[in-house]
Amino acid sequence: MLILLKLYQFLARTGKDFMKNIFIFLLPILIGFAVYKFYLSQKNASTIFQSKYSVTINEHVYGVELADDDNERAKGLSDRDSLSVDQGLLFLFPAHDRYAFWMKDMRFPIDIIWLDEDLIVDISESVPVPVTATYLPRYQPKLPVNKVLELNSGEIKKYGLTVGQKVTFTNVN
């Protein structure tokens, strides 16, 4: 703090160039802060889903977080800013049903893959974020499922994922 006071006194003595010197002094600090915040956001995004669980579809591996209880399934990806590359959220249900999903408090679009055990039975591609909080469309599979995988929007198209493909799970019961 003493250093900042001395620096302020020095800059104040420089007269008419005071504002220019303040700007020159603050600019590197602001840039440094912005770079630091960006680094933290990238670090947090990449560590959210560090997990021992994975799902392989069409020879492509996704690290997944499990949503295997009512609270985790209800929250899903709500209130998150993003999913890291090659990451997803796998919902595990105790029984087969046509579970309905909505995009409440979602901030980014997703692809939804509906699974009956290890088989893709339906796909909801590029599900958008809701336009308003009062109108929340529901998304459901055509057939009963016991697992649902949410991925970044575009993954279905990028890797050619289709109904009828088998899915392999690692460390998922």
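Begin by selecting Pro 109, which in this predicted model is found in the loop between strand 3 and strand 4. Pro 109 is partly exposed, with a relative accessible area of 37%, and, leaving aside its neighbours within four places in sequence, it is in contact with Val 127, Pro 128, Val 129, Asn 152 and Ser 153. If you show the C-alpha atoms of Pro 109 and Asn 152, you will find them separated by 6.9 Å, although these residues are 43 places apart along the chain.

Move next to Ile 110, whose contacts, not counting residues up to four places away in sequence, include Leu 77, Met 103, Val 127, Glu 150 and Leu 151. Ile 110 belongs to the largest nonpolar core, a group of 19 residues in which Leu 77, Phe 91, Phe 101, Ile 110, Ile 112, Trp 114 and Val 148 touch the most other members. To see where this core draws its residues from, colour strand 3 (87–97), strand 4 (110–116), strand 5 (119–127) and strand 6 (145–152), each of which supplies at least two of them. A second, separate core of 17 residues can be selected afterwards, with Leu 66, Leu 151, Leu 161 and Val 167 among its members.

Now keep strand 3 in view and look at the strands beside it. Strand 2 (residues 60–67) runs parallel to strand 3 and is joined to it by five bridges, while strand 6 runs antiparallel to strand 3 and is joined to it by six. Leu 89 is a useful residue to select here, since it is the bridge partner of Glu 65 and also has Glu 150 in strand 6 as a bridge partner.

The aromatic rings come next, and the structure holds five aromatic pairs. Which arrangement do the rings of Phe 91 and Phe 101 have? Their centres are 4.9 Å apart and their planes lie at 80°, so the pair is edge-to-face. This pair links Phe 91 in strand 3 with Phe 101 in the loop between strand 3 and strand 4, ten residues apart. Phe 91 is buried, with a relative accessible area of 2%, and Phe 101 is buried as well, at 8%. For Phe 93 and Tyr 99, by contrast, the ring centres are 3.7 Å apart and the planes lie at 15°, so this pair is stacked. Select Phe 91, Phe 93, Tyr 99, Phe 101 and Trp 114 together to display one aromatic cluster. A ring of another kind of interest is that of Phe 169, over which the charged end of Lys 147 sits, 5.2 Å from the ring centre.

Finish with the charged side chains, for which a search of the whole structure finds eight salt bridges. One of them joins Arg 80 and Glu 65 at 3.2 Å, N to O; because Arg 80 lies in the loop between helix 3 (70–75) and strand 3 while Glu 65 lies in strand 2, the pair ties together parts that are 15 residues apart in sequence. Are these two partners buried or partly exposed? Arg 80 counts as buried at 18% relative accessibility, whereas Glu 65, at 24%, counts as partly exposed.

Another salt bridge joins Arg 107 and Asp 79 at 3.8 Å, N to O, and it ties together parts that are 28 residues apart in sequence. Lys 166 and Asp 118 form a further one, with their closest N and O atoms 3.5 Å apart. As a last selection, take Lys 75, Asp 79, Asp 81 and Arg 107, which are joined into one network by salt bridges that share partners.

How values were computed
Residues are numbered from 1 along each chain as its sequence is written. This is a predicted model: local features need pLDDT of at least 70, side-chain atom pairs count only at pLDDT 80 or more; totals for chains, interfaces and linings use all residues. Side-chain values use heavy atoms; hydrogens and water are left out. A nonpolar core is a set of buried Ala, Val, Leu, Ile, Met, Phe, Trp, Tyr and Cys residues joined through side-chain atoms within 4.5 Å. Buried means under 20% relative accessible area, exposed over 50%, partly exposed in between (1.4 Å probe, protein chains only). Helices (H or I, at least four residues) and strands (E, at least two) are DSSP runs, numbered from the N terminus. Contact means heavy atoms within 4.5 Å. Two strands pair if DSSP finds at least two bridges between them. Rings of Phe, Tyr and Trp (its six-membered ring) pair if their centres lie within 6.5 Å; planes under 30 degrees apart count as stacked, over 60 as edge-to-face and the rest as tilted. A charge sits over a ring if NZ of Lys or CZ of Arg is within 6 Å of the ring centre and within 35 degrees of the ring normal. A salt bridge is a side-chain nitrogen of Lys or Arg within 4 Å of a carboxyl oxygen of Asp or Glu.
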